[in-house]
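Hi there,

Here is the model I promised to pass along. Please open it next to this message, and my notes follow straight after.

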Protein chains: 2
Amino acid sequence: MSGSNPSASDKPCVVLLSGGLDSATVLAYARANGFAPYTLSFDYGQRQAAELVAAERVAASLGALEHRTFRLDLSQFGGSALTDTSIDVPEEPTQGIPVTYVPARNTVFLSMALAWAEVLGANDVFIGVNAVDYSGYPDCRGEFIDAFEIMANLSTKAAVEGQKLTVHTPLLKLTKAEIIGLGVEHGVDYGITVSCYQPTAAGLACGRCDSCRLRAAGFAAAGVTDPTPYIPA
Amino acid sequence: MSGSNPSASDKPCVVLLSGGLDSATVLAYARANGFAPYTLSFDYGQRQAAELVAAERVAASLGALEHRTFRLDLSQFGGSALTDTSIDVPEEPTQGIPVTYVPARNTVFLSMALAWAEVLGANDVFIGVNAVDYSGYPDCRGEFIDAFEIMANLSTKAAVEGQKLTVHTPLLKLTKAEIIGLGVEHGVDYGITVSCYQPTAAGLACGRCDSCRLRAAGFAAAGVTDPTPYIPA
């Protein structure tokens, strides 16, 4: 299904796309399930601008109807290793919620997806949160998504007029290996995705950050050859 | 209290500030109730850039510790008379939710306030929503705010660690006249605020849009001389 043109019967949806492994899988899943996806990325002041290039590639590769990169500079607020270059990205596992947590990031991203969905007349938003092999971010949990959906359905003109929003989280309870299996099934080329928190400008992965470690372990557990371009050792 | 310097005992808070009458009143109220306010405005592609100038004036006038104008271009999505110049601002009362509704605006603005609050270590956000003399926007209702607060307290590292957020809506159940009375009590100079949906670049109000009509009626009902600079008839 991936790569084919959406048909007239497909329902519009908004897919949050980071350029990483998880959201690429979600996009392929949405396409395979009869949705016509509009993909949304954020230039939020993150270190890894390479992921924005990857998001564009992934959107084109998996049949998005339209891809937008929205500028929204969360680095103005700071408070995260991903938006503040004075905070180092950890290269060893840490206790608790790590410093790569970006304050209210998924709340902000889902709110923007909600805005675009309402203008598009779309009732479905997809996000690649995962609560199994994840970094412990509170805004990746099912209870957060459920609460967001309730709030969203009180906030918009569309909802008041009966067009209720559903936030889809197809990866929520999957292991990283299961996510990779799902993506392979739907034709995702993981070699064009970037998950690393501190890649080179060309998109080479460090292999040491939390995100690289989770990803590499996922390929190993799935029995799939890891196509990630790593920085040469 | 307004205009005085916050004391060390004051708690930090984030106040959403539009430059209009309601949010100026909220800022004065927060200061008068022992908060040290950080004010946040959005350059979201609205017609009325004059309100951003007004917001800066109001923040300075009412003792904000810091005022930020965050660029976040909702006109990229369109769908509102306030962000899309191809849609006229109505000058007569309309049925239902008017075309000046901006999709998901308060959800987006509150999400950004949540992000800044978390970085500041603030547990309080103030917003000037009102469900009495208002335009019928769904994201100005108490049930929306309550749902946002529940969602917010599942979304952040701060909340998980016990720092719960409160969203304050001191104007929710007040009439426009009561809001004006509250502001006058706390020293708000309404002559420097801009409520009009289509003011001139210099900030003169049209006197005909929904927002102007509600505001003028409020001054009349409060028995307060309307200090609004209107476009000469």
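In chain B, 35 residues are in contact with 35 residues of chain A, where contact means that the C-beta atoms of two residues, placed from the backbone, lie within 7 Å. Helices H3 (105-120), H4 (142-155) and H5 (157-160) of chain B are the elements that each give two or more residues to that side, and H3(B) supplies the largest share, 10 residues. Helices (H or I, at least four residues) and strands (E, at least two) are DSSP runs, numbered from the N terminus. By class, the side of chain B that touches chain A holds 23 nonpolar, 8 polar and 4 charged residues; Ala, Val, Leu, Ile, Met, Phe, Trp, Tyr, Cys and Pro count as nonpolar, Asp, Glu, Lys and Arg as charged, and the others, Gly among them, as polar.

Before you read on, this is a predicted model: local features need pLDDT of at least 70, side-chain atom pairs count only at pLDDT 80 or more, and totals for chains, interfaces and linings use all residues. Residues are numbered from 1 along each chain as its sequence is written, while chains are lettered from A and ligands numbered from 1 in the order in which they are written.

How do the copies meet? In chain B, 100% of the interface residues are also interface residues in chain A, so the copies meet through the same surface. A turn of 180 degrees and a shift of 0.0 Å along the axis lay chain B on chain A with an RMSD of 0.0 Å (least squares on the C-alpha atoms of residues with pLDDT of at least 70 in both). That is the relation of a two-fold axis.

At this interface, the axes of H3(A) and H3(B) come within 9 Å and cross at roughly 170 degrees. Axes are lines fitted to C-alpha atoms, for helices over the stretch in contact, and angles run from 0 to 180 degrees between N-to-C directions. The two helices are therefore roughly antiparallel (an angle over 145 degrees). Among the residues making this contact are A:Met112 and A:Leu114 of H3(A), and B:Met112 and B:Leu114 of H3(B). The contact divides into 8 nonpolar, 4 polar and no charged residues.

Now for the sheet. In chain B, 5 strands form an open sheet in the order E3-E2-E1-E4-E5, with parallel pairing (at least two DSSP bridges between two strands). E2 (35-43) and E3 of chain B pair over 6 bridges, and B:Phe42 stands opposite B:Phe70 in E3(B).

Happy browsing!

Methods
Parallel < 35°, antiparallel > 145°, perpendicular 65-115°, else oblique.
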